[in-house]
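Please open the structure in your viewer and keep the selection tool at hand, since this tour moves from one stop to the next and tells you what to look for at each.

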Amino acid sequence: MTHKFTALATSLLLAPAALFAQETAPEAERISMSQAIKSAQSSIDGGVLEAEIETEGDALVYEIDLVRGESVYEVTVNAATGDVMKQSEEQLTSFLSGLFQEDELRAAGTARDVLMTALTELEGQDSTWIEEVSLDDEDDRMVYEVELTDATGERELLIDATTGEITPDD
């Protein structure tokens, strides 16, 4: 009985450590957001609407929504290897149409190079990992809202989808 209790207690004590390791260790073992986007775009040649890193099952993946013409695709990229795991065309039902407005679809197609240049600049800074990128209309201009972690902690920035200017998200 004591061995079962000890094993259970040890499991309960180690579980939070395992979860913490899963959240912190992948940064050293994962590809960057810009690499994941390039990988997704090698599969579907499109502009970025949204991209985020998340856990799917027991794997860390990037989920990237790309637009090509009037079609939206979701591409899942393995965060450790950069391999495209799956892709699917999303139907622009009334629900998705509400998420992706026509001007966002258009802007994503034209902002490809601007976004990649800005992401590469941000990722070039020490200990910077981009967690999420999302295209949005803010104050009548198209911007990418970027969530990242760096040496100072978590923060949010905006990337102007036309000029590439990076500013704090106030």
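In which strand does Thr-149 lie? Select Thr-149 in this predicted model, and you will find that the residue belongs to strand β6, which covers residues 141-150. Thr-149 has a relative accessibility of 16%, and because buried means under 20%, Thr-149 counts as buried. Now add Glu-131 to the selection and show both side chains, which are joined by a polar contact of 3.2 Å.

Next, step back and colour the whole protein chain by secondary structure, which comes to 6 helices and 8 strands. If you follow the chain along its sequence, the pattern reads α-α-α-β-β-β-β-α-α-α-β-β-β-β. Of the 170 residues in the protein chain, 39% count as buried.

Now select the strands, 8 of which form an open sheet with antiparallel pairing, in the order β4-β3-β2-β1-β5-β6-β7-β8. At the edges you will see β4 (84-90) and β8 (166-168), each of which pairs on one side only. When direction is ignored, neighbouring strands of this sheet are turned by 25 degrees against each other on average. Within the sheet, zoom in on strand β2 (residues 59-68) and strand β3 (residues 71-78), which run antiparallel and are joined by 8 bridges. Here Val-67 stands opposite Val-72, a residue of β3. Strands of a sheet pair through backbone hydrogen bonds, either parallel or antiparallel.

Keep the sheet visible and add helix α6, which packs on the sheet and touches β1 (47-56), β5 (129-138), β6, β7 (153-160) and β8. The direction of α6 makes about 150 degrees with that of β7.

For the last stop, show helix α3 (residues 33-43) beside helix α6 (residues 112-123), whose axes come within 9 Å and cross at roughly 150 degrees. Angles over 145 degrees count as roughly antiparallel, and α3 and α6 are therefore roughly antiparallel to each other. Select Met-33, Ser-34, Ile-37, Lys-38 and Gln-41 in α3, and you will see them meet Arg-112, Met-116, Leu-119, Thr-120 and Glu-123 in α6. Sorted by class, this contact of α3 with α6 has 4 nonpolar, 3 polar and 3 charged residues.

Which residues of α3 are buried? They are Met-33, Ser-34, Ala-36, Ile-37, Ser-39, Ala-40 and Gln-41, and what covers these buried residues includes β1, β2, β3, β4, α6 and β5.

Conventions
Residues numbered from 1 in each chain as written. Predicted model: local features only at pLDDT ≥ 70, side-chain atom pairs only at ≥ 80, totals over all residues. Heavy atoms only, no water. Axes fitted to C-alpha atoms, helices over the stretch in contact; angles between N-to-C directions. Helix = DSSP H or I, 4+ residues; strand = E, 2+ residues; numbered from the N terminus. Parallel < 35°, antiparallel > 145°, perpendicular 65-115°, else oblique. Contact = heavy atoms within 4.5 Å. Nonpolar A, V, L, I, M, F, W, Y, C, P; charged D, E, K, R; others polar. Buried < 20%, exposed > 50% of the residue type's maximum accessible area, 1.4 Å probe, protein only. Polar contact = N/O pair within 3.5 Å; in protein donor to acceptor, adjacent residues only side chain to side chain. Pairing = 2+ DSSP bridges.
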